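User: I've never looked at this structure before. Could you walk me through how to read it?

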Amino acid sequence: MFELTVETNFDAAHQLRGYKGKCERLHGHNWKVHVHVQAERLNEIDLAIDFTELKRIVNDVISPFDHTFLNEVFPFTEKNPSSENIAKWIYDSFNKRLKDENVRLSAVTVWESESASATYYED
């Protein structure tokens, strides 16, 4: 099994609705996103998938978030823009765009700081 990871980032503000503490106030992060994919075999040129393609997909997915107030960006107008919900939304959106049948999305990790992250994956 091969696992590939691409990393990208975006800058955005948010506030956690219903949170009893300082994170309920408007604040921002330099978010980091890791997308992990797996492949059981390599293609005819010995790649699982081109890193350029993975980066293009993840950048397409997160571009609506960059330099925004996440609470005003769907789906976070309805859901709390927590690291957990952001990771799941990126996972679902990336998965819809991944068209290579040899590769499957295994996990998305969203870092809101250097010491705090949330990972979403499905069994």
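**Reading the fold step by step**

Analyst: Happy to. One small spot to begin with: Pro75 sits in the loop between β3 (68–69) and α2. Keep in mind that this is a predicted model.

User: What kind of peptide bond joins Phe74 and Pro75?

Analyst: A cis one, with omega at about 10°.

User: Okay, let's zoom out. How many helices and strands does the protein chain have?

Analyst: You'll find 2 helices and 5 strands. Starting at the N terminus, the order is β-β-α-β-α-β-β. The C-alpha atoms fit a box of roughly 50 × 25 × 25 Å along the principal axes.

User: Now the inside. How should I think about a core?

Analyst: In soluble globular proteins, nonpolar side chains tend to be buried together. Here the largest nonpolar core has 30 residues, and Phe10, Val35, Val37, Ile90, Phe94 and Val108 touch the most other members. At least two core residues come from each of β1 (2–14), β2 (27–39), α1 (51–62), α2 (83–97) and β4 (103–113).

User: Which residues does Ile90 touch, leaving out those up to four places away in sequence?

Analyst: Val33, Val61, Ile62, Phe65, Val108 and Val110.

User: Ile90 is in α2, right? How do I read a helix like that?

Analyst: An α-helix has 3.6 residues a turn, so residues three or four places apart point the same way. Try that on α2, where the buried residues are Ser83, Ile86, Ala87, Ile90, Tyr91, Ser93 and Phe94. Their cover includes β1, β2, α1, β4 and β5 (116–120). As for its length, α2 has 15 residues and spans 21 Å from first C-alpha to last, close to the expected 21 Å.

User: And how do I describe two helices packed together?

Analyst: You give the angle between their axes and the distance between the axes. For α1 and α2, the angle is about 130° and the axes are 9 Å apart. That angle makes α1 oblique to α2. The crossing is right-handed. At the meeting place, α1 brings Leu54, Ile57, Val58, Asp60, Val61 and Ile62, while α2 brings Trp89, Ile90, Ser93, Phe94 and Arg97.

User: Anything odd in the loops? Is Asp46 buried or exposed?

Analyst: Exposed, because its relative accessibility is 58%. Asp46 is in the loop between β2 and α1, and has a positive phi of about 65° despite not being a glycine. His67, in the loop between α1 and β3, also isn't a glycine but has a positive phi of about 60°. His67 is exposed as well, at 64% relative accessible area.

Definitions and conventions. Residues are numbered from 1 along each chain as its sequence is written. This is a predicted model: local features need pLDDT of at least 70, side-chain atom pairs count only at pLDDT 80 or more; totals for chains, interfaces and linings use all residues. Side-chain values use heavy atoms; hydrogens and water are left out. A nonpolar core is a set of buried Ala, Val, Leu, Ile, Met, Phe, Trp, Tyr and Cys residues joined through side-chain atoms within 4.5 Å. Buried means under 20% relative accessible area, exposed over 50%, partly exposed in between (1.4 Å probe, protein chains only). Helices (H or I, at least four residues) and strands (E, at least two) are DSSP runs, numbered from the N terminus. Contact means heavy atoms within 4.5 Å. The expected span of a helix is 1.5 Å times one less than its number of residues. Axes are lines fitted to C-alpha atoms, for helices over the stretch in contact, and angles run from 0 to 180 degrees between N-to-C directions. Angles under 35 degrees count as roughly parallel, over 145 as roughly antiparallel, 65 to 115 as roughly perpendicular and the rest as oblique. A crossing is left-handed if the near helix is turned anticlockwise from the far one by less than a right angle, and right-handed if clockwise.
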